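Me: Please take a close look at the sheet in this model, and at what surrounds it. I would like the strands, their pairing and the packing described in one connected account.

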Amino acid sequence: MKMLPQISEAEFEVMKIVWKHAPINTNEITERLTKTTSWSPKTVQTLIKRLVTKGALTYEKESRVFVYTPLVEENEYIGQESSHFLKRFYDGNITTMLSAYIENDKLSEEEIDGLRALLASKTKKGDN
């Protein structure tokens with residue numbers, strides 16, 4: 001598995017916008033983030049530049065506008081981060097993690113039902 005760039009929480013907010021709307025230009029990213037955060041346009045531009053430097057985003061210049069696309073797949077990044085979290089806090093044991101969430105009422109009945117359905121569908125696929 002290739003190592004993906006380390007992305008801060010703020011940079012992750014930028015990535016979520018790019019993943020959802022790519023290709024997307026600087027002004028569109030800034031407009032979306034200034035509606036949901038207290039960040040200035042300069043802060044958003046700094047975060048975008050960091051993501052380009054880290055290799056998470058690439059861009060093309062179209063006339064006077066920079067248009068960004070991700071170099072990192074959303075599901076790949078989230079999978080890597082989930083794996084790091086699981087290893088760091090639960091010694092890589094997902095059963096221990098889920099037990100902790102269930103015992104501390106961190107999962108709703110709907111979430112537990114969703115997990116049951118997911119496990120049942122995975123079991124059925126394995127039976128074929």
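Reply: The sheet is open and has 3 strands in the order S1-S3-S2, with antiparallel pairing. S1 and S2 are the edge strands, each of them pairing on one side only. The model is a predicted one, and the description below should be read as such.

Take the pairing of S2 with S3. S2 covers residues 57-62 and S3 covers residues 65-70, and the two run antiparallel over 6 bridges. Several cross-strand partners can be followed along this pair. Thr58 has Thr69 of S3 as its bridge partner. Tyr59 stands opposite Tyr68 in S3, and Lys61 stands opposite Phe66 in S3.

S2 and S3 are also joined as a hairpin, with 2 residues between the strands. One residue of that turn deserves attention, namely Ser63, which sits in the loop between S2 and S3. Its phi is positive, about 55 degrees, although Ser63 is not a glycine. Most residues other than glycine have a negative phi. Ser63 has a relative accessible area of 66%, and because exposed means over 50%, Ser63 counts as exposed.

On the other side of the pairing is S1. S1 and S3 pair in the antiparallel sense over 2 bridges. S1 consists of residues 24-25, and Asn25 belongs to it. Across from Asn25, in S3, stands Val67. Beyond residues up to four places away in sequence, Asn25 touches Val65, Phe66, Val67 and Tyr68. A polar atom of the Asn25 side chain lies 2.9 Å from the backbone nitrogen of Asn27. The relative accessibility of Asn25 is 17%; the limit for buried is under 20%, so Asn25 is buried.

The loop leading into S1 has a feature of its own. Pro23 lies in the loop between H1 and S1, and the peptide bond joining Ala22 and Pro23 is cis, with omega about -5 degrees. Most peptide bonds are trans.

Next comes the helix that packs on the sheet. This is H1, residues 9-21, which touches S1, S2 and S3. The direction of H1 makes about 90 degrees with that of S3.

H1 also meets a second helix, H3, which spans residues 41-54. The axes of H1 and H3 come within 10 Å and cross at roughly 90 degrees. An angle of 65 to 115 degrees counts as roughly perpendicular, so H1 is roughly perpendicular to H3. From H1 the contact involves Ala10, Glu11, Val14 and Met15, and from H3 it involves Leu47, Ile48, Arg50, Leu51 and Lys54. By class, the residues of this contact are 6 nonpolar, no polar and 3 charged.

Glu11 is one of the H1 residues in that contact. At 2% relative accessibility Glu11 falls under the 20% limit and therefore counts as buried. Leaving aside neighbours within four places in sequence, Glu11 is in contact with Gln6, Leu47, Arg50, Leu51 and Lys54. A polar atom of the Glu11 side chain lies 2.8 Å from the backbone nitrogen of Ser8.

Further along the chain is another helix pair, added here for context. H4 (residues 74-90) and H5 (residues 94-103) have axes that come within 9 Å and cross at roughly 80 degrees. H4 and H5 are therefore roughly perpendicular to each other. Phe85, Leu86 and Tyr90 of H4 make the contact with Ile94, Thr96, Met97, Ala100 and Tyr101 of H5. The residues of this contact divide into 7 nonpolar, 1 polar and no charged.

Asp91 lies in the loop between H4 and H5. Asp91 has a positive phi of about 50 degrees although it is not a glycine. With 74% relative accessibility, Asp91 is over the 50% limit and so counts as exposed.

To return to the sheet itself, S3 pairs with S2 over 6 bridges and with S1 over 2 bridges, while H1 packs on the sheet and touches S1, S2 and S3.

Note on methods
Residues are numbered from 1 along each chain as its sequence is written. This is a predicted model: local features need pLDDT of at least 70, side-chain atom pairs count only at pLDDT 80 or more; totals for chains, interfaces and linings use all residues. Side-chain values use heavy atoms; hydrogens and water are left out. Helices (H or I, at least four residues) and strands (E, at least two) are DSSP runs, numbered from the N terminus. Buried means under 20% relative accessible area, exposed over 50%, partly exposed in between (1.4 Å probe, protein chains only). A polar contact is a pair of N or O atoms within 3.5 Å; within protein, one must be able to donate a hydrogen and the other to accept it, and residues adjacent in sequence count only if both atoms are side-chain atoms. Contact means heavy atoms within 4.5 Å. Axes are lines fitted to C-alpha atoms, for helices over the stretch in contact, and angles run from 0 to 180 degrees between N-to-C directions. Angles under 35 degrees count as roughly parallel, over 145 as roughly antiparallel, 65 to 115 as roughly perpendicular and the rest as oblique. Ala, Val, Leu, Ile, Met, Phe, Trp, Tyr, Cys and Pro count as nonpolar, Asp, Glu, Lys and Arg as charged, and the others, Gly among them, as polar. Two strands pair if DSSP finds at least two bridges between them.
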